[in-house]
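Work through the following exercises with the sequence and the coordinates open side by side. Each task is followed by a solution that proceeds step by step.

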Amino acid sequence: MENEVQKKRILSGIQPSGDLTLGSYLGAIKNWAALSNDYDCYYMMADMHTITVRQVPAELRRHTMTQLAAYIACGLNPEKNVLFIQSHVPAHAQLGWVLDCYTMFGELTRMTQFKDKSAKNADNINAGLFTYPSLMAADILLYQADLVPVGGDQKQHVEICRDIATRFNGIYGDVFKLPDPYIPKVGARVMSLTSPESKMSKSDKDQNGCVYMLEKPEDILRKFKKAVTDSDACVRYDLAAKPGVSNLMQIYSVTTGESFEEIEREFAGRGYGDFKAAVGESVVEMLRPIQEETNRILTDKAYLQSVYRAGAEQAAKVAYKTLNKVYKKIGFVER
Ligand code: TRP
């Protein structure tokens, strides 16, 4: 281990704010699993970010555990990836506070996610929602991550993280590594099945637009049958003119490995009915083994506990090294 070349480090996380969606799998977790051989990977359940929107406590706990089980079922081997729960490593809160003091009010005001979430939760525009980006910067900077795999909607948060790190380094020297966002090309943005202009999201009001990783096959098939297409009746990739069909093609391409041209050929002269059914079937088949494995792991509470405990311990080692350095730099007295 010691004389191994230092691998590049990756950190990412998903909020356990609901059941994982097909979008979380195709856009994130599936890609993460492919990275674990070449990178030093840290993946967390971002439960601290989740409480910026009001949660039912028992549900938050259930979603966190299910998310961990799903990470493992999707191929994130806990022997090769550090899997942990954000709130189990207090350094996140500690560095988050410090970084709050190096993040400007104006910068936070400009964040599109803050504007969107404030509009959606007008009765609960809390300070945590506002400083969400500095906590996320702490998540990333604590681990000196090189790359941060995220969906396109989180790119702005990685950019502000770089700005905060640059500002801090400018004052105190090279404390933080500047991370780069890592946005996968295919499957990066799975769109809603009913309004394909917007991202597939668990917070979407129309539940027919969102497919869940652990959803029953018949429900998945039904949702794909209802997916919005267009009046053109031709399976052809054209993101601007045919967002619904193009989204389904993207999904089908990831589940079957077929290129867009191959899909166009396969469904030439056939109706959307056939196409939508085929996409639904392919998703059900892809998810079947993951669902079985997630449910199996979920019954083994002792195993899950051993995974998140070991993960937190390993994460804390790295995180506290950075935090101690930061505390020293800013002038806190050593304990
Ligand atoms: N904000 C991310 C999201 O909602 C989740 C997240 C929290 C995250 N901390 C992170 C992602 C650190 C990458 C790195 O999707």
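**Exercise 1. Determine in which sense strands β1 and β2 pair, and over how many bridges.**

Solution. In this predicted model, strand β1, which comprises residues 8-14, pairs with β2 in the parallel sense, and the pairing runs over 7 bridges. To fix the register, begin with K8, which stands opposite Y39 in β2. Then move along to S12, whose position is opposite Y43 in β2. The next step is to follow the connection: β1, helix α1 (residues 22-35) and β2 together make a β-α-β unit, and this unit is right-handed.

**Exercise 2. Find the sense in which β2 and β3 pair, and name the bridge partners of C41 and Y42 in β3.**

Solution. Strand β3 spans residues 81-85 and pairs with β2 in the parallel sense over 5 bridges. Starting from C41, the bridge partner in β3 is N81. For Y42, the bridge partner in β3 is V82.

**Exercise 3. Establish how many residues of β1, β2 and β3 are buried, and which residues cover each side of β3.**

Solution. A residue counts as buried when its relative accessible area is under 20%. Applied to β1, this criterion gives 5 of 7 residues buried, and the strand is mostly covered. Strand β2, residues 39-45, is likewise mostly covered, with 6 of its 7 residues buried. In β3, 5 of the 5 residues are buried. Separating the two faces of β3 shows that N81, L83 and I85 lie on one side, while V82 and F84 lie on the other, and that these residues are all buried, which leaves both faces covered.

**Exercise 4. Identify which residues come nearest to the ligand, and describe the polar atom pairs formed by Y132, D139 and Q154.**

Solution. There are 14 residues around the ligand, and those that come nearest are Q15, M44, Y132, D139 and Q154. Taking the polar pairs in turn, a polar side-chain atom of Y132 is found 2.6 Å from a nitrogen atom of the ligand. For D139, the distance between an N or O atom of the side chain and a nitrogen atom of the ligand is 2.7 Å. For Q154, a polar side-chain atom lies 2.9 Å from a nitrogen atom of the ligand. As a final step, consider the cover: on its own the ligand has 370 Å² of accessible area, of which the protein covers 90%.

**Exercise 5. Examine Q144 and A233: where do they lie, what is notable about phi, and are they buried or exposed?**

Solution. Q144 is placed in the loop between α7 (127-142) and β4 (147-149). Although Q144 is not a glycine, its phi is positive, at about 50°. The relative accessibility of Q144 is 21%, and therefore this residue counts as partly exposed. Turning to A233, this residue lies in the loop between α9 (217-225) and α10 (243-256). Phi of A233 is also positive, near 55°, in a residue other than glycine. Because its relative accessibility is 51%, A233 counts as exposed.

**Exercise 6. Locate T131, classify its exposure, and state how far it is from D100 in sequence and in space.**

Solution. T131 belongs to helix α7. Its relative accessible area is 24%, so T131 is partly exposed. Although T131 and D100 are 31 residues apart in sequence, their C-alpha atoms are 6.9 Å apart in space.

**Exercise 7. Decide why the radius of gyration of the chain agrees with that of a compact globule, and describe the chain as a whole.**

Solution. For 335 residues, a compact globule would have a radius of gyration near 20 Å, and the chain agrees with this because its own value is 21 Å. The spans of the C-alpha trace along the principal axes are about 70 × 45 × 40 Å. The chain contains 13 helices and 5 strands. Of its 335 residues, 50% count as buried.

Notes. Residues are numbered from 1 along each chain as its sequence is written. This is a predicted model: local features need pLDDT of at least 70, side-chain atom pairs count only at pLDDT 80 or more; totals for chains, interfaces and linings use all residues. Side-chain values use heavy atoms; hydrogens and water are left out. Buried means under 20% relative accessible area, exposed over 50%, partly exposed in between (1.4 Å probe, protein chains only). Helices (H or I, at least four residues) and strands (E, at least two) are DSSP runs, numbered from the N terminus. Two strands pair if DSSP finds at least two bridges between them. A crossover is right-handed if, with the strands pointing away from the viewer, the path from the first strand over the helix to the second runs clockwise. A residue is near a molecule or strand if one of its heavy atoms lies within 4 Å of it. A polar contact is a pair of N or O atoms within 3.5 Å; within protein, one must be able to donate a hydrogen and the other to accept it, and residues adjacent in sequence count only if both atoms are side-chain atoms. Accessible areas come from the Shrake-Rupley method with a 1.4 Å probe; for residues, only the protein chains shown count as cover. The radius of gyration is taken over C-alpha atoms; the globule rule is 2.2 Å times the number of residues to the power 0.38.
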